[in-house]
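Colleague: Could you take me through one part of this model slowly, as if I were seeing a structure for the first time? I'd like a close look at the surroundings of one ligand and the loops there.

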Amino acid sequence: MEKFNPERRKTILKWVSSAGALGVGAMVWSVCLKGANKADALRPPCAGSESEFLSSCIRCGLCVEACPYLTLKLATPSNGISAGTPYFEPRKIPCYMCKDIPCAKACPSGALDLKRVSKEGGEPNINEAKMGVAVIDTTHCIAYGGIQCDACYRACPLIGKAIYLEFRHSTFTNEHSELLPMVNAEVCTGCGMCERACVTAKPTIRVLPREKVLGSVGEHYIRSWKEGDESRILENGVSSSPRKDALDYLNDGGF
Ligand code: SF4
Ligand code: SF4
Ligand code: SF4
């Protein structure tokens, strides 16, 4: 496990203050704040959207110091993430989902806010964290290649909920069943324990920021035809149901 280096945070702060002393502090700091933000930077639990986080984190490093597993690191000016902000790399050290969430408790600015993991004013619950979402590369995952592997499934603290296994008749042997890991994005916390446990040389399950991965249905989209919709349309003065017309059209062989 990587050793925590308290000097690293001091070095960043020193670097910023010396830049200020040279009279270019404002310029350098603004470059660091706005600088290229690595698309896949994962933030500690209880952070909001990336833009909210960047505007509220004061780069104090207290969350990093509070993390007992040395999961969190402070970005340096060279690693493509807004300098001085905390992030983690699950393949190296995932978030171990401390029940008391010490990183968020230590945050003085509200960038990490326990309310974000508290349901309806209840107690904070780390299982409600949304640091990212696990995504499976089914082309290279060996379970999808016909080899039995459930390393990610077993590593998941929300086993059977965030990751579950789906049985599929083997298309390789035509005799056995395959157990395929699937992620439920609504439950996954983005802790990265699955990514850490993945047995492939480069992980085929990876945690990515939710904003980058998840789509949005949009308010105008109607998911499906619900029972009662037909009568609702007729009540609203439409002469006949478009669904009926469509069915008749198909049944009449009019395509
Ligand atoms: S929940 Fe625990 S392991 Fe995860 S980042 Fe916070 S302090 Fe570190
Ligand atoms: S404790 Fe809060 S303000 Fe300080 S670096 Fe961590 S997230 Fe940013
Ligand atoms: S990131 Fe992986 S281990 Fe963590 S909750 Fe999601 S599926 Fe489970």
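Modeller: Sure, one term before we dig in: buried means under 20% relative accessible area, exposed means over 50%, and partly exposed is what lies in between. Keep in mind that this is a predicted model.

Let's go to ligand 1. The residues around ligand 1 include Cys 67, Pro 68, Tyr 69, Thr 71 and Leu 72, and also Cys 95, Tyr 96 and Cys 98. Pro 45, Pro 102 and Cys 103 are there too. Sort that shell by class and you get ten nonpolar residues, one polar and no charged.

Now look at Leu 70, a residue of the loop between helix H4 (62-66) and strand E1 (73-74). Its phi is near 60°, so a positive value, and Leu 70 isn't a glycine. That's worth a pause, because most residues other than glycine have a negative phi. Is Leu 70 buried, exposed or partly exposed? Its relative accessibility is 23%, so Leu 70 counts as partly exposed.

Next comes Met 97, which sits in the loop between strand E2 (86-87) and helix H5 (102-106). Met 97 also has a positive phi, about 55°, although it is not a glycine. With a relative accessibility of 8%, Met 97 counts as buried, because the cut-off for buried is under 20%.

For a side glance, try ligand 2: its shell has eleven nonpolar, two polar and one charged residues. Around ligand 3, the split is ten nonpolar, three polar and no charged.

How values were computed:
Residues numbered from 1 in each chain as written. Chains lettered and ligands numbered in written order. Predicted model: local features only at pLDDT ≥ 70, side-chain atom pairs only at ≥ 80, totals over all residues. Heavy atoms only, no water. Nonpolar A, V, L, I, M, F, W, Y, C, P; charged D, E, K, R; others polar. Near = heavy atom within 4 Å. Helix = DSSP H or I, 4+ residues; strand = E, 2+ residues; numbered from the N terminus. Buried < 20%, exposed > 50% of the residue type's maximum accessible area, 1.4 Å probe, protein only.
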